[in-house]
Amino acid sequence: MKNLTIPLTCLLLGAALQSGGAEAADAAPAPAPQALYIRGAFNGWGTDNALRYLGKGIYQTDIVISPGNHAFKVGDKDWHAEWVLNPNASMTLALATDYPMDTHPGPEDYLFVKKTAAYTFRLDLSNAAVPVLRVTRVDAAALAPHDPHAGHAARAALTFATFDGQRETARFSSPDAGAALRSYAQSTTQQLRDPGAQYVTYQESAQRPRVRSGNLAFDALFALAGAEMAQDSVREIRDGNYNGGDPIACDCFETGEKWHYVWTRDLSYAATLGLAMLDPQRTVNSLNFKLSGYRAGVPRPANVAGSADGLQIIQDTGSGGSWPVSTDRVSWAFGAEEVLKTLAPAQRAVFAKRALAALSNTIENDRLAAYDVASGLYSGEQSFLDWRDQSYAAWIVNDIASLASSRALSTNVGHYKALTLAATLAREQRDAARATKYDGWAQALKEAINTRLWLPDAGMYSSLTAAHFDGAPLHKFDWLGQSLAILTGVADPARARQILAHYPHGPMGAPVIYPQQPDMPIYHNRAIWPFVTAYGLKAAALAGNVSVADAAYDTLLRGAALNLSNMENLEWLSGQPLLLDEAHPGLIGPVINSRRQLWSVGAYLGMVIGDVFGVATTKDGIRLRPFVTTKLRREQFGQARQITLSALRLRDKQISVTLLLPAASDAPGYYSVAAITQNGKPVAADIGWNALAAHSHIEIRLGAVRAGEQGIVRVNAEPAAQSSAVFGPPEPALVLTRGDARAVTLTFGAGAANTVYNVYRDGQLVATRLAPGSWIERAPAPGTCYALEAQFADSGNRSHHSAPQCVDGAVEIAASDARVRANIGLSAPNARFAAPHIAAWGKPGDSFSVNDIALAEAGNYRFQIHYHNAANMINLGISGGVKWLSVSDAGGHVVAQGVVQLPHARVEKSNTPTVYSTPLAASLPAGVYRLALSDFYNMSYLASNAGFSAAGGAGGPANQFDIYGVRVQRAQP
């Protein structure tokens, strides 16, 4: 471990436990017939806890587990083996009980732990057909008490009030406070998320910047973040789904203690917040790792855009089989833009050329696969909020195509950044035509975001729209999307002020979503993520909102101090790394939480360098804009008259920055900048690279207090209570019935308390705050579709929308219909699928068409493929179906065409339900039409995924699914 240690006694205990009970093993155990692991939330679903073979079919391992309701499975290195207790439902284990295991994939099982302890997982495979699992608690000897601060003269403490009226304290000390490079000890009274000592030690490095503020705790926490950055700087990475779980050489940033791979969005946001400035070469290496061209020998489909090599940004594995269900791979542009500012000219030129090529191919294909002409927005899952149940309607897990067709604020701002960066790089590289095109697309997208997603009644942007057949912007909000809109300039200054003043904050800071989802555990839901808080801080500093900035400073300082690390996430109302709820164990969380999470580390470093000291890089040099609030100055710097950041290396310059502080003030506000000098000479806030000396000492004298903006919304509730003050209601069920003539009746809300209802027709709000009961429309237009929204009467918090229902029944054309033509014959019904189907259709040369589709009336139609895709689970993989659908008239002229998505769908043991693709929209006159389906591509076509363990990996690209037919649905625009 680099400059970050835990006590030897703790390491020895861990080593003993990991031995898996070697003393009980045979002297020379037979070779293990299988390499199996206990993989769960307590180890990041990784392979750290191997089951050791003891002989006679018995495997065993001991694991120290902290409090929580921990999901786990038995699996092998690449998930070819995935064993659970019940493949149809999760189970919670009782200790010292034998459980037969099913050797098929299924939902996670759970172990509920109240207090940190060691547990023995014993797997009996003496009868290989029926493995038996038994978990027992180990009575481990207590660690010898140890005072990490003994003998240290320099000491400091930070004390924090807790949600339950108590106090927790973090203590800091140094044995060598006067040294140029200090070492620190840090301890906490708060119970830690993961097993280990209640303290940590670390030291400063000559290779990293350091702070002297007169507050040992403030200096130490900056050093902690630097030490954790060093830990996350690795020579090799690994993930169980790639390269057989074996290491992959890469001088990269890994994602955290429990995440040993490079993920596109995690890396890019971390780089933007602080890491690109501090280690540009490692950032470039990591960004390059997230680029890939097409696999050799794979035919390139006719309608795919971009260069022949296909170099583009990778969308990581995820919902429905990855891209384009998710399209936030464009978040890569944030990190690329930031590192381009810091690279020396020769390095910059090389990376800029590659970045433009990758961005261009990504942009052009996202335009085909995810751009919605009608709204002007891109479809795709919310950026980073990629656990469907946590931030989408409950019904979405059974209809991932509806998730795919929704449009998210954060992801669209990512597309805006990709377009603006690509336009800038194209201009630099003298490609005027491409620059003009991307500038135009960016401006149009900015206008669409402000037109389609801004909610004037909320003073914020909607986080996402409802899916096809609805499309309304939802009254759901996320802090990352709001902050990125401010920082990119998508939000003008007036809207930025409104957002900051309206986004709800709990007592410990801003949650990543609002309102919270009922009956869901803590992860994205009910959580603070420090990296999102850091983006909120940057947005607040840009707009001068002191209250929001102070809340963010408090969140970041508290989280790092009490947890001895920059954690992945925290429960939002308590600030706890794990909030136990024994009455509702399924709601405990955060369900997984990693120390030294990369973007949290970047967030803390960026907070100090970029917000407190105000140092930011630009293409032309550095910009100095410190945002020191009176509260921060008063509480963190006390009687100090100056604070200094030293040994900051940018390009070939070494820079130190000293803030000269006025006397502390009780007036709310932030300090203006009175003067700036470089090596004793006055300079402006922007200093060009050539104007920076090889060794520059910059002094920034802070001056008068400015009141700034003070608006902030505060909310609170008991952390375990599903209060209407902080939660939204569950989305309602909608029952639509047809009456006489064309009248329709919508029925809803029987028995619901404190709830009113809003009706949407074709995405437009048409009735508000209805009491439970019914609502009638006498003469809806052909193809009208309705959705329902629940709203708490007291707080006004709203639900997701119900699944939409349309008044005109769809035309279903079965795969067995005589009009269907395909190169693959029909497969008969089976135990899981009750209808005949065309199985495993979708290889590059496969063909499918439907002739003689008669439309009796002119109108707006939606064409969907009726299908099932069982290539992987709905939250995993790279094998979502992505195809090109075209509709031709009787004369053979193509009248509509585009990409349709056929994401992974749930699989049941029997009678698995089939689903529908995203729709292709067409406004057509009456007539006879032909539909044809041909190949496009998904992430499995990329060379980087050739080593993936599941479908679409080593066995070759996977873009196949079963076809059950076609649906033609009348719908309004």
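Colleague: Before we start, what counts as buried here?

Modeller: Buried means a relative accessible area under 20%. Bear in mind that this is a predicted model.

Colleague: Thanks! So is Lys417 buried or exposed?

Modeller: Lys417 has a relative accessible area of 10%, so it is buried.

Colleague: And which helix is Lys417 in?

Modeller: Lys417 sits in helix α9, which covers residues 409-428.

Colleague: What does Lys417 touch, apart from its neighbours within four places in sequence?

Modeller: Lys417 is in contact with Ala333, Phe334, Glu337 and Thr488.

Colleague: How far is Lys417 from Trp332, in sequence and in space?

Modeller: Lys417 and Trp332 are separated by 85 residues in sequence, while their C-alpha atoms are 9.3 Å apart in space.

Colleague: Let's switch to helix packing. How do people describe a pair like that?

Modeller: Two packed helices are described by the angle between their axes and by the distance between those axes.

Colleague: Then what are those values for α11 and α13?

Modeller: The axes of α11 (residues 479-488) and α13 (residues 530-543) come within 9 Å and cross at roughly 35°.

Colleague: Is the crossing of α11 and α13 left-handed or right-handed?

Modeller: The α11 and α13 crossing is left-handed.

Colleague: Which residues meet there?

Modeller: From α11 you have Trp479, Leu480, Ser483, Leu484, Ile486 and Leu487. Facing them from α13 are Phe531, Val532, Thr533, Tyr535, Gly536, Lys538, Ala539 and Leu542.

Colleague: And how does that contact divide by class?

Modeller: The contact of α11 with α13 has 10 nonpolar, 3 polar and 1 charged residues.

Colleague: New topic: cavities. How many are there of 30 Å³ or more?

Modeller: The count comes to 10 cavities of that volume or more. The largest cavity has a volume of about 100 Å³.

Colleague: Which residues are closest to the centre of the largest cavity?

Modeller: Of its 13 lining residues, Ile396, Thr465, Ala466, Leu474 and His800 are the closest to the centre. By class, the lining of the largest cavity has 8 nonpolar, 5 polar and no charged residues.

Colleague: What about the volume of the second largest cavity?

Modeller: The second largest cavity has a volume of about 80 Å³. Its lining includes Gln382, Ser391, Lys476, Asp478, Tyr514 and His800.

Colleague: Which strands supply at least two residues of that lining?

Modeller: Both β24 (477-478) and β26 (513-514) do so for the second largest cavity.

Colleague: And the classes in the lining of the second largest cavity?

Modeller: The lining of the second largest cavity has 5 nonpolar, 5 polar and 2 charged residues.

Definitions and conventions: Residues are numbered from 1 along each chain as its sequence is written. This is a predicted model: local features need pLDDT of at least 70, side-chain atom pairs count only at pLDDT 80 or more; totals for chains, interfaces and linings use all residues. Side-chain values use heavy atoms; hydrogens and water are left out. Helices (H or I, at least four residues) and strands (E, at least two) are DSSP runs, numbered from the N terminus. Buried means under 20% relative accessible area, exposed over 50%, partly exposed in between (1.4 Å probe, protein chains only). Contact means heavy atoms within 4.5 Å. Axes are lines fitted to C-alpha atoms, for helices over the stretch in contact, and angles run from 0 to 180 degrees between N-to-C directions. A crossing is left-handed if the near helix is turned anticlockwise from the far one by less than a right angle, and right-handed if clockwise. Ala, Val, Leu, Ile, Met, Phe, Trp, Tyr, Cys and Pro count as nonpolar, Asp, Glu, Lys and Arg as charged, and the others, Gly among them, as polar. On a 1 Å grid over the protein atoms alone, a cavity is a set of points where a 1.4 Å probe fits but cannot get out, and a pocket is an open set with protein on both sides within 12 Å along at least five of seven lines; lining residues have an atom within 4 Å of a point. Grid points are joined across faces, edges and corners, and a volume is the space filled by probe spheres set on the points.
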